[in-house]
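Thanks for making time this morning. I will go through one structure, taking the helix packing, then the aromatic rings, then a few single residues.

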Amino acid sequence: MIKLYAYPRSRSTRVVWMLEELGVDYEFIKIDLMAGEGQTSEFKSIHPDGKVPAIDDDGFVLTESAAILNYLGDQYPGSGLVPKAGTPERARYDEWSYFALTELEQPLWTVGKHTFVLPEDKRVAEILPIAHWEFLKACEVLSRWLEGKEFALGDSFSAVDILFAHTLRWADAFNVPSGSDVLDAYRDRMSERPAFKRVVAKESEFS
């Protein structure tokens, strides 16, 4: 059984969502980041940076949420959640996955860090306007891509939808508007998936 080292409503949510979509048995092991559990020597032997998520799949340890999604998708190719490597479909999937991490999430996380995550003496308020601007710019690009689409890659749900929807839900939690009715509707639509509702229930058990 896969061991998932996680903390509710963090990037771990992406992996919980993927596992629920796959219907794979897993053990949710809460690492209480607020209590400093991520910085213990025991956990750092699993994740050197002391962060979540991390998985242990029969002795194979992997970190970084997007890498874990790809690994799980490749392990369960019949799910269709991650296209086959070496295909144009996988290239398109990779393109938008990288966009989610580098263009959409990056400025949003900058807002989060300099608003409530970092110690107050490390926050730089002057960076917030440009981070908001960068996030809205990325939202405009994504909104144009998603216009008229049910899912990011067309007619079927994929792991890149997890990345997008989770990031947009973070934006909502951070009170950072996307500025796009298309993105808001997409976020809400993805949040209605049965697997995501199971994610919410699972994380509530450990909150």
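Start with helix H1, residues 12-22, and helix H6, residues 159-173: their axes come within 10 Å and cross at roughly 140°. That angle makes H1 oblique to H6. Please keep in mind that this is a predicted model. The crossing of H1 and H6 has a hand, and it is right-handed.

Which residues of the two helices meet? On the H1 side they are Thr-13, Arg-14, Trp-17 and Met-18, and on the H6 side Ala-159, Ile-162, Leu-163, Ala-165, His-166 and Thr-167. By residue type, the contact of H1 with H6 has six nonpolar residues, three polar ones and one charged.

H1 also packs against helix H3, residues 65-75. Here the angle is about 15° and the axes are 9 Å apart. Angles under 35 degrees count as roughly parallel, so that is the description for H1 and H3. The crossing of H1 past H3 is right-handed.

In this second contact, H1 contributes Arg-14, Val-15, Met-18, Leu-19 and Leu-22. H3 contributes Ser-65, Ile-68, Leu-69, Leu-72 and Gly-73. The residues of the contact of H1 with H3 divide into seven nonpolar, two polar and one charged. If you have the model open, look at Arg-14 and Met-18 in H1: they are listed in the contact with H6 and again in the contact with H3.

Now the aromatic rings. A pair of rings is described by how far apart the centres are and by the angle of the planes. The count comes to 13 aromatic pairs. One of them is Trp-96 with Phe-99, at 5.1 Å centre to centre and 70° between the planes, an edge-to-face arrangement. Both residues sit in helix H4, residues 88-117, three residues apart, which is about one turn of the helix.

Is Trp-96 buried or exposed? Its relative accessible area is 8%, so Trp-96 is buried. Phe-99, at 13% relative accessibility, counts as buried too.

Trp-96 has a further partner, Phe-164. The ring centres of Trp-96 and Phe-164 are 6.1 Å apart with the planes at 70°, so this pair is edge-to-face. This pair links distant parts of the chain, with Trp-96 in helix H4, Phe-164 in helix H6, and their positions 68 residues apart. Phe-164 has 0% relative accessibility and therefore counts as buried.

There is also a cluster: ring pairs link Trp-17, Phe-151, Phe-157 and Phe-196. You have met Trp-17 already, as one of the H1 residues that meet H6.

Next, a single residue, Leu-4, which is in strand S1, residues 2-6. Leu-4 has a relative accessible area of 0%, so it is buried. What does Leu-4 touch, leaving out residues up to four places away in sequence? The list is Val-15, Val-16, Leu-19, Tyr-26, Glu-27, Phe-28, Ile-29, Pro-53, Ala-54 and Ile-55. Val-15 and Leu-19 were also named in the contact of H1 with H3. For a sense of distance, the C-alpha atoms of Leu-4 and Gln-106 are separated by 24 Å, and the two residues are 102 apart along the chain.

Pro-53, one of the residues Leu-4 touches, brings me to the backbone. Val-52 and Pro-53 are joined by a cis peptide bond, with omega about 5°. Pro-53 is placed in the loop between helix H2, residues 41-44, and strand S3, residues 54-57.

Two more backbone points, both about phi. Asp-58 is not a glycine, yet its phi is positive, at about 55°. Where is Asp-58? It lies in the loop between S3 and strand S4, residues 60-63. With a relative accessible area of 76%, Asp-58 is exposed.

Asn-175 is the other case: phi is near 60°, a positive value in a residue other than glycine. Asn-175 lies in the loop between H6 and helix H7, residues 181-191. Asn-175 is exposed as well, because its relative accessible area is 67%, and exposed means over 50%.

That is what I had to show.

Key:
Residues are numbered from 1 along each chain as its sequence is written. This is a predicted model: local features need pLDDT of at least 70, side-chain atom pairs count only at pLDDT 80 or more; totals for chains, interfaces and linings use all residues. Side-chain values use heavy atoms; hydrogens and water are left out. Axes are lines fitted to C-alpha atoms, for helices over the stretch in contact, and angles run from 0 to 180 degrees between N-to-C directions. Helices (H or I, at least four residues) and strands (E, at least two) are DSSP runs, numbered from the N terminus. Angles under 35 degrees count as roughly parallel, over 145 as roughly antiparallel, 65 to 115 as roughly perpendicular and the rest as oblique. A crossing is left-handed if the near helix is turned anticlockwise from the far one by less than a right angle, and right-handed if clockwise. Contact means heavy atoms within 4.5 Å. Ala, Val, Leu, Ile, Met, Phe, Trp, Tyr, Cys and Pro count as nonpolar, Asp, Glu, Lys and Arg as charged, and the others, Gly among them, as polar. Rings of Phe, Tyr and Trp (its six-membered ring) pair if their centres lie within 6.5 Å; planes under 30 degrees apart count as stacked, over 60 as edge-to-face and the rest as tilted. Buried means under 20% relative accessible area, exposed over 50%, partly exposed in between (1.4 Å probe, protein chains only).
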